[in-house]
Amino acid sequence: MMALDLSQNKHADVSYEEKERLFEEVKADERWHHVLYGCFECGICVASCPSARFYDFSPRVIAQAVSREDTDLIYTLMSDSIWDCSQCFSCDRCPRQNSPGQIITIMREVAVKNGLQTAKKALEGYGRIIYKIMSTGSQVSPDMLQPDAFPDWGTHVYEIAENLEEWRKALPPETLHTTETGWKIDKKTIIELYLIWHMTGVMDLIEGIDEGLFMILVDVMEERLEEAGYDDVTFD
Amino acid sequence: MIHLPITKASERHFKIDPNDAPVKDLREELFQLEKEGELEVIRVPDNHVELMTKYGRKKKIPIDKTWHHKSCGQCGHIPGYSTSIFWLNRQFGLDYYDPTDQTSCTAWNYYASATSNPEAQAAVAVRNFAAAHEVGYFPLIHCGTSFGHYKEVRHALVHQHDLRRKVKKIMERLGKKLVLPEEVVHYSEWVLAMKDRIAERQVIDMSNITATVHPACHYHKLIEEDAIYDSEIYGAQRTAIVTGTLQALGINVGDYSTWFDCCGFGFRHILVSRDFSRSFSVQRKIEVMKEEVNPDVTVTHDTGCVTTLDQSQFAGRAHNRKVGIPVMADSQMAALAMGAHPYKVLQLHWHNTDNKPFLRKLGIDVEKVWSEFQAEVDKIKSGEKKFMTWEDADK
Amino acid sequence: MANENILIIGGGPTGLEAAKGIAELGYKVILAEKRDKMGGTPVSAGYAALTPDMRDAGDAMQEMCDAIENNPDVKIMLNTEITGTSGEPGNFMVKAKSNGNEVDIEAGAVIIATGFTHFDPGRETQKYGYYEHDDVITIVDAEKLLKSGTFVRPSTGEKPNRVAFIQCVGSRDRQIGNEYCSKVCCGITSKQAIEVRELLPGCKVFIFYIDMRMYGYWENEIYWPAQEKHKVNYIKGMGTEIIKKGDGLIVKGEDTTMRRPMEIPMDMVILAVGMEPSEGTKQVADIFGVNKNKFGFIETTGGALNTVSTNVDGVFAAGACTGPSDLEDCISAAGSAAMKAISTIRKVSIPV
């Protein structure tokens, strides 16, 4: 477990202007005024936080850093700390009504949008999940239950993987007779999802994180969109 | 014993006055926006039950005409969870809808990776709500993550008119209306509302069972005012969800010192930083439950929680930790109590931690019921049957 | 000609002090009290010792009551609740229900001294389990225990070895809506901590706080002795949960000095519940058309320079009904209200 280095010299390679720009982007979020008020360092957020017990992570330090507008510290946290958060929102107990969890969500979105190296690193190994959710609208599918994907879940996963086809057919609900997605999703529904990704710029975020993944996804999506009659929808 | 001039906990009664509620009823603003033509509200169907929420507001829980918003993790990895919810509806002859015009809420990805933004998340939510409304049903949310997320989205759409404007435009492109449900209802609230009817039809005695309850963080910590509370349960100091259901089934619910703790799911962590999830759930939840209560089963009401608590115990065992508590969802427990087949309906073979001792304690012949399920699977393997049907499941 | 009676609503420390002062200046007082005895909250809640001077609360309140009992210029009306009013400064016609009977009270000026009530810990944002655990009590409960001389764990009746106080319960919280600081709880807690340490020298006492607020002489009269003489442990970090473990309790919090989550076993936890406007304060304010602030306390109109005038001429408010107050505030405000009430009558009586 690495100790969180909060010294001024961390990330000296990034310009102060760049750090400031990123913080301004965080503050410009429409949600900002509802997620950060002031902080009197009561520690309730830390006390209720699961990540604080495992990582050198402190929602209080994050709330203090943004309250103080300490640009260097904020950049350090945005790089090295925010991905430890478990997004459980136990910290919403804050008496000042801050939400360190949501402050982190916004900081993560800015990190992803700006393609920060540390964001890419944190999401390494997560690519196939992004692929699944973006292309099928279903995050984890039956066919992802493979032993090499979940070795620490034990020998049980072998049994599931071996019997997957039949076991999925041995499910009473008709919509669950699938292996590539959690349930049967209409083609039309997937197209609507692609249009949402298109209109909200989500694919740009993916491009910034993993260009290779972006290209594979875009191929699949544009092909299906074309089949459905949406040849004008492209993701470049 | 000395007579003390102060009360003990059993003599203290917490009175909730809805007029003292520190938050406004969101529905007031919701209906106001509807009046102004900003959006349309999906009303809770006539057949509903009212349950009390944290600050005394009564929440409407639909009983039928429910559109089942499925959970990707549930349907993907623990399909018996979803199956049990449908099974319960069918047992009571209720009119429910299992859609194929449904996407995942995509919130798991959002909380894990932030590779999305508020407009996309809100648009996905509204698209699903609109799909429910178009077929005349009311959305019932299967997953705790979806539930928490949809509550947030509904709040944001009511209070941020920029976001609302953007989402309305997207909906127009999709040929859909901007709709929001009157209430965001979690399926476990439906189970709780049905608990007495379920108990009436209970065929398996569970009075020899001790269980621990794990409430999902996104159910009761996110937008707290929406969670169900009950003066008779924990003195309305903690959410009554799941506990109320189990107590109605005659189960002894044991308390433990990490009741409020997260399970350690972490969204991203369970997939990519797994040491956190499995360490946290084993050390902070399972071991504590085992030491302080030693329950026969632990019951929760969310996909991520079932997954984390169940799957993490294997690694715990490999490290000789004191683990070994089977994990089930409240809907599975309710279905089991009503006589649902442990493998054909509950689909317990997808669960990891050994649940056979628990089934045996209930007097179930595990070998017999497993072979009944195997017989169905054989029919599918041989091509005699394409799928197992509801009728097969209840034979 | 103005009516020379001054109606004081509320027989707590504020009302008693105002009554005494007005009578001393030669004017007549009608003192209406809802309960069946005088003394206000210090008496009805059974306070043990006053903060900061540690004087016995019962004795102090008795002294205040004695000063106006059998005073020919003070008419005491117990079991009396105000139901309506009309009139103007110099001539108020107030309706009340006294011992079940409808009565009319004529007064030239009115002083509202209806005080506060203690926050109900069931409404607390954090998970303190007051309604679930015997050994979680409030500072009000603790006063009663200290007054009786038996400070023991409610669950077992045995003396505790480890006692914790948690500050700011029901105050300084945007989610509950009570954003203000209740002013007295840090002092009261520290005082109680000293009393526990004196009563039970073997018992360790902890105070979990966000800030320690003991202004003026409370700093050197209570805070420093608590730490230096009585070895009370002050830990900067709030508790978020109180959980039962085995026979005892655990306080979950963050020790912010050490920058880490902590779980500390305790035999008893005492919640420093804050002040809220009493039912009487809210009702009487509405009856007189007196403005309340967003917390429900009576709003005084002069900022720092006038702590007793309200938006209604001739109607004054003093003490805890205007906001969190300590005893010193109440006594001082009572004097200010008495002075202004008399001034009202004199202005109407003596034409300019």
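The following exchange concerns helix 8 of chain C and the interface of chain A and chain B in a predicted model.

Mentor: Local features need pLDDT of at least 70, and side-chain atom pairs count only at pLDDT 80 or more. Residues are numbered from 1 along each chain.

Trainee: How do you know that the span of helix 8 of chain C agrees with its number of residues?

Mentor: The expected span is 1.5 Å times one less than the number of residues. Helix 8 (residues 327-349, a DSSP run of H or I with at least four residues) has 23 residues and should span 33 Å; its end C-alpha atoms are 33 Å apart, so the two agree.

Trainee: Why is Cys330(C) called buried?

Mentor: Buried means under 20% relative accessible area, with a 1.4 Å probe and protein chains only. Cys330(C) meets that rule, as do others in helix 8 of chain C, including Ala333(C) and Ile345(C). The buried residues of this helix pack against strand 1 (5-9), helix 1 (13-24), strand 7 (109-112) and strand 18 (315-317) of chain C, contact being heavy atoms within 4.5 Å.

Trainee: What makes the pair Asp152(A) and Arg274(B) a salt bridge?

Mentor: The rule asks for a side-chain nitrogen of Lys or Arg within 4 Å of a carboxyl oxygen of Asp or Glu. Asp152(A) and Arg274(B) meet at 2.4 Å, N to O, so the pair satisfies the definition. Across the interface of chain A and chain B the rule finds 4 salt bridges.

Trainee: How many residues of chain A are in contact with chain B?

Mentor: In chain A, 81 residues are in contact with 87 residues of chain B.

Definitions and conventions:
Chains lettered and ligands numbered in written order. Heavy atoms only, no water. Helix = DSSP H or I, 4+ residues; strand = E, 2+ residues; numbered from the N terminus. Buried < 20%, exposed > 50% of the residue type's maximum accessible area, 1.4 Å probe, protein only.
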